[in-house]
Structures are given as C-alpha cells and as structure tokens.
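Welcome! Please take a moment to look over the sequence and the 3D view before reading on.

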Protein chains: 2
Amino acid sequence: MNLFSGLGAFPLTPVGPAGIDEDAFVGLVRRLVAAGVDMVCPLGSTGGYPYLTRAERARVARLAVDAAAGIPVVIGIGALATREVLDLSADAQAAGASAVLLAPVSYQPLTEDEVFGLYEDVTAELSVPLCVYDNPRTTQFTFSVDLYARVSLLPRVRSIKIPGVPDGSDAAMHHVQRLRAAVPEHVTIGISGDPVAATGLKAGCDAWYSVLGGVLPEQAMAITRAAQSGDHNGALALSGALETVWELMRRHGSMRVASALAEELGLIGTPSLPRPLRELDADARVELGDWARAAGLVG
Amino acid sequence: MNLFSGLGAFPLTPVGPAGIDEDAFVGLVRRLVAAGVDMVCPLGSTGGYPYLTRAERARVARLAVDAAAGIPVVIGIGALATREVLDLSADAQAAGASAVLLAPVSYQPLTEDEVFGLYEDVTAELSVPLCVYDNPRTTQFTFSVDLYARVSLLPRVRSIKIPGVPDGSDAAMHHVQRLRAAVPEHVTIGISGDPVAATGLKAGCDAWYSVLGGVLPEQAMAITRAAQSGDHNGALALSGALETVWELMRRHGSMRVASALAEELGLIGTPSLPRPLRELDADARVELGDWARAAGLVG
C-alpha cells in the first residue's frame, strides 16, 4: 500500500524569541501519534520550513522521527536553490524520513521545464518516496495537468498534494478524475486546503494533507475515517461544524489560524511564528477563542 | 545629495557547476566602474541573492566593495526570515556597503503590518541608508501607497525601488506624482522594469535600478544621462532601440535575458544561473544573439 494515503497531519514548528521550542514540538507530534494519524508531516508550510536554517530543519526531522513511534514521517525538503534541496533531502533521509515532500519554492517565477528539472535532479539522488507539493499560494507556481503527468513518471514520485478542488461536488469530482487519468496508478492524489478537504475526499482523493490535523488530529481523523468508510455526508457534516475555522483560514491563512488555535489550547507558547510572520490579529483571535470555547476545546 | 540617484546597475552573480565564478563577477563590476554608473548594486534579484548561501553573499559583497573603486555599493540583504535579514545586514555593513536594498521576500503571503514590522526590525539595527525594494513579481507582495508612506518614515529609509509605472507618459507622471506626494523629500523614487525606465525617468523618478545596466552599462548610462539633462525624447529613442531586449525580458524574465546577453558578450561562462533556473530557451537565445550582432555588440 502507498504510504501517502489517509490523513497526513502537519505539525507547527513553534518558534519563540529563543528559537524552536523543541519540547512543544515533540508534544505536538505525540498528540498526532495518540490520534492515530496515517502520516506525520513536519516541516511543511504549516511547519514553517523555509524560515528555518538547515541545522534547525535537521534537528526537527530527527525529533519528529523519534517521537512518531513508527508512524510514517514525511519531511518537507523545499528550498529555493536545487543545491539546498539536495542537502535537505540528504539530511531528511539521514534523520530517518519515510518519505519527503517537495514544493517548487520560487523567487524568480519558474518555467515548467525548470520545475520538471528540479524534480528530476532531486529524485535522481533519492532513496525514499516523494510527494509533489503544489501550492501556488506560497510558490507562485501552478502545475498544469501535463506537468503533473510528466513529474509523476519520475522515479520515487508516489503522490501529488493538490492545492484544493473547485467548489461543488460535480466540479470537484471532474477535476480529480481528470488528474487521476493523467497520473499513474501508483501515484496517489491528496487534497490540501482544509475547508475543501471533505469535498476532495468525496471526489476521490486518496489522502488529506491537513493543517488542522496538526492541531486537532482527532477531529481531522473523524472526517477522514468517515470519508474512507464511504460516509461522505457524515464527513461533510463534520467539516461543516468547523466552518468558523475554515472561514478564518480563508481570510488569514491557515498557518496563522493553526498557530493561534494551538496557543489557545495551551499546546505552544506565544509568539510561535517566525518573524516577519505575526500572530493572528486581535479580532480574529477573539472569534477563534469563542469558537474553541463553544466547541468545548478549552475551558 | 541622496546616493540613491541616477543609474544603479545590478551585476549578475555567475554561478557555474563549481560555484560562483568570482573572476567573472569582479569583471562585471569593473565594467560598471568603467562606465561611470552611479551605484553598483550586487546581490539584487539579477544577482540571484536568494539562491546563495550567507557565506557566498558575504564573499560577493566584499568582492564588490573592493572592485567598485569608491562608487557607492548597494547590497541586497533580503531573505525570508527576519533573523536571516539581520545577519545579512550585519555582513553587508561589515563588507563596507554604502547602503542596503531590502525586499519583503515571501513564502506565506505577508500582511502590510508584517512588512512594516520587517522594515522596523531591520532599520532599528542599521547604520547605512536603506532602499525599500518593491517587486511583486518575485515577492508576491504589493505595497500600497499608504505602506510606502509608513515605511518611508522609518530611520535610514532613503529610497523606494518601484516595480514600474503605468503605460503612457501621463499615467506614469500621475503615478509618480502620487508617490512623490506620499513620501518625504529625503526619500528618492527609483524605477525598475527596464522596458519602462525612460518613461519612469520622464515621469519624475530620481533613479533607474537597472538590470540591463549590469551588462550594458554604457547604453543604460546614455539613457540615464539624456533623461537627467532633460532630453526625454532622446532617452525614449535610445530605449526604443532596445525594444528587442525589452520584449525578450517581458516574455522570459529580465534575469534570464541578462545572463544570456552576458554569455553572448563573453563576460561570463555558460551555464551561469543557479539551478533550478535554466538558461534562456534556444529560440530566444538566437533572437538575442542576432540582435547583439546587428547592434555591433559582438563580432
């Protein structure tokens, strides 16, 4: 079975004025283990990978593998320069990564051939499976279906993390079917964009790469398991109950909402985001706190 | 007089398979000195700053200051994390930078308050003038006029590098006048986007931050000096003669065109761009080579 299936939960990497709070990070990973997530995914966008040094990333990778207690660990290796990505890939593998996640991080806007070349260079020196990470919001690069197909044929590519699906069940299903037809069977398709995750799973996605799953893994697991058992209406209803969170994510970015929620729950200290990123603004923070209390998550 | 005036020329940092070609880089800087540019601007976007390590950037900064023979050197200090920017700022100042250039490099899209906070944190620890670098194409962040105004009031901010002006003389003039009214007199406004530079200078910009100036400094100086003497029709005519280059820059990005042109002129080796960036594609390369021969730049 392809390890890129089910729920992939993305823990935050809490960064305070004194650096990474390693104890809090390990606590977040243990929470994922306790909830039985399918993949622990440190150093994703939610984990702030591009804001950390190579040494910090190697350390976080080792902590995650140790704390994950055998659950597959998928480690983000993205960086601007291919040289850096190759170093990070080596570090992740040395730390015991089960797999790696790679986005085409951009400064100069990249061409399709440049992105293909990046994956070609990296997979040539890789011994573990790779998930292609498509996140136009952070990379400025949008994959075409043709490029998904080309990259999927490279060795060790086993999943594509897509940035969402179109609104509506039919449009979502059409989109996923189109991708499904373009990539080999051994490559799974995983949805990200938490607000549309239940829609994506109903549309045929094999995995949910989840920001919320890093903070509220039980809630994300409930949605995932309902969808996997075929109870898509149940999954959509569970997702609907989180609409306040989804709306805050749409307005403020999922990382800021996840960090504020983890702070509300007492899982990490404040501030927790690497500068120049700042905490969720005060009004949104109140709204999130009210929701968390109403949901019985905090006293 | 504000040092951020006239022509700022951005040399490439040639990166081959064995790393930075330091001799070629020094040769590029000497070429700028010989042409009498007003500022040497290493480690800008054209100089590939975000693709280089901290050690490489410190080395390039020192080489540039040594080779610049007293011409002001403006060094790019941008990076994703504020911590990194502060380190790079210290390195640039230790290398002898006359001034620094800072863009709000982004992965998570930044809010206005986050960008303001970045400039606040960096200028608090800075002893040389700073140019605010607005480049939405690479940073995903667009400054509002209000944010220009807020940032301009921070200590040591002395220039804003704007990403272009609207098409047409009147629209361009209106735009520059609006910015001029929003920022203090001691802050200059510099145009980038080489194809509209002559238009920007005519519209009242004080400086041209130029990609072409890093490779063809004499041509860029001729345009700049014509504009500075009030001969805007002359400047526009000189710019018009470069339309083939401008069109290639619009289609392929100015960095790829500048590197290909420098290779055609024998100033640097091939390949010269840090991966994942690739050379200008073959058809465009032929078009550029034909233009360079017709212009008498190569035999």
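The report below goes from the contact between the chains to helix packing and then to some backbone details.

## Where the two chains meet

Keep in mind that this is a predicted model. A good place to begin is the interface of chain A and chain B, where the two chains bury about 3300 Å² between them. Of that buried area, 49% is on carbon and sulfur atoms. On the chain A side, A:Tyr51, A:Tyr107 and A:Gln108 lose the most area to chain B, and together they account for 24% of what that side buries. The contact draws on 32 residues from chain A and 32 residues from chain B.

Charged pairs are part of the picture too. Side chains of opposite charge can pair when their charged atoms come close. How many salt bridges are found across the interface of chain A and chain B? The count there is 8. One salt bridge to look up in the 3D view is formed by the side chains of A:Asp121 and B:Arg275, at 3.0 Å from N to O. A search of the whole structure, over all chains, gives 34 salt bridges. As for the pair of A:Asp121 and B:Arg275, A:Asp121 sits in helix α4 (residues 112-123) of chain A while B:Arg275 is in the loop between α12 and α13 of chain B, so this pair joins two chains.

## Helices packed against each other

Next, three helix pairs can be set side by side.

| Helix pair | Axis distance | Angle |
|---|---|---|
| α2(B) (54-67) and α3(B) (82-95) | within 9 Å | roughly 25° |
| α1(B) (22-35) and α2(B) (54-67) | 9 Å | about 40° |
| α11(A) (243-252) and α12(A) (254-264) | within 7 Å | roughly 130° |

Let us start with α2(B) and α3(B). Their axes cross at roughly 25°, and α2(B) and α3(B) are therefore roughly parallel to each other. In this pair, α2(B) passes α3(B) in a right-handed crossing. Which residues meet here? From α2(B) come B:Arg54, B:Arg57, B:Ala58, B:Ala61, B:Arg62 and B:Val65, and from α3(B) come B:Asp87, B:Leu88, B:Asp91 and B:Ala95. Sorted by class, this contact has 5 nonpolar, no polar and 5 charged residues.

Helix α2(B) also packs with α1(B), at an angle of about 40°. Again the crossing is right-handed, with α1(B) passing α2(B). On the α1(B) side you will find B:Glu22, B:Phe25, B:Val26, B:Val29, B:Arg30 and B:Val33, which meet B:Arg59, B:Val60, B:Leu63, B:Ala64 and B:Ala67 of α2(B). The class count for this contact is 8 nonpolar, no polar and 3 charged residues.

In chain A, the axes of α11(A) and α12(A) come within 7 Å and cross at roughly 130°. That angle makes α11(A) oblique to α12(A). The residues in contact are A:Val245, A:Leu248, A:Met249 and A:His252 of α11(A), together with A:Ser254, A:Arg256 and A:Val257 of α12(A). They divide into 4 nonpolar, 2 polar and 1 charged.

## Backbone details

Finally, follow the backbone through the loop between α12 (254-264) and α13 (282-294) of chain B, where B:Pro271 has its place. A cis peptide bond links B:Thr270 to B:Pro271, with omega about -10°. B:Pro276 is also found in the loop between α12 and α13 of chain B. Here the cis peptide bond joins B:Arg275 and B:Pro276, and omega is about 15°. B:Arg275 is the residue that meets A:Asp121 in a salt bridge.

Over in chain A, which residue has a positive phi although it is not a glycine? That residue is A:Leu43, with a phi of about 60°. A:Leu43 lies in the loop between β4 (39-40) and α2 (54-67) of chain A.

Definitions and conventions. Residues are numbered from 1 along each chain as its sequence is written. Chains are lettered from A and ligands numbered from 1 in the order in which they are written. This is a predicted model: local features need pLDDT of at least 70, side-chain atom pairs count only at pLDDT 80 or more; totals for chains, interfaces and linings use all residues. Side-chain values use heavy atoms; hydrogens and water are left out. Axes are lines fitted to C-alpha atoms, for helices over the stretch in contact, and angles run from 0 to 180 degrees between N-to-C directions. Helices (H or I, at least four residues) and strands (E, at least two) are DSSP runs, numbered from the N terminus. Angles under 35 degrees count as roughly parallel, over 145 as roughly antiparallel, 65 to 115 as roughly perpendicular and the rest as oblique. A crossing is left-handed if the near helix is turned anticlockwise from the far one by less than a right angle, and right-handed if clockwise. Contact means heavy atoms within 4.5 Å. Ala, Val, Leu, Ile, Met, Phe, Trp, Tyr, Cys and Pro count as nonpolar, Asp, Glu, Lys and Arg as charged, and the others, Gly among them, as polar. Buried area is the accessible area (1.4 Å probe) that two parts lose on being put together, summed over both. A salt bridge is a side-chain nitrogen of Lys or Arg within 4 Å of a carboxyl oxygen of Asp or Glu.
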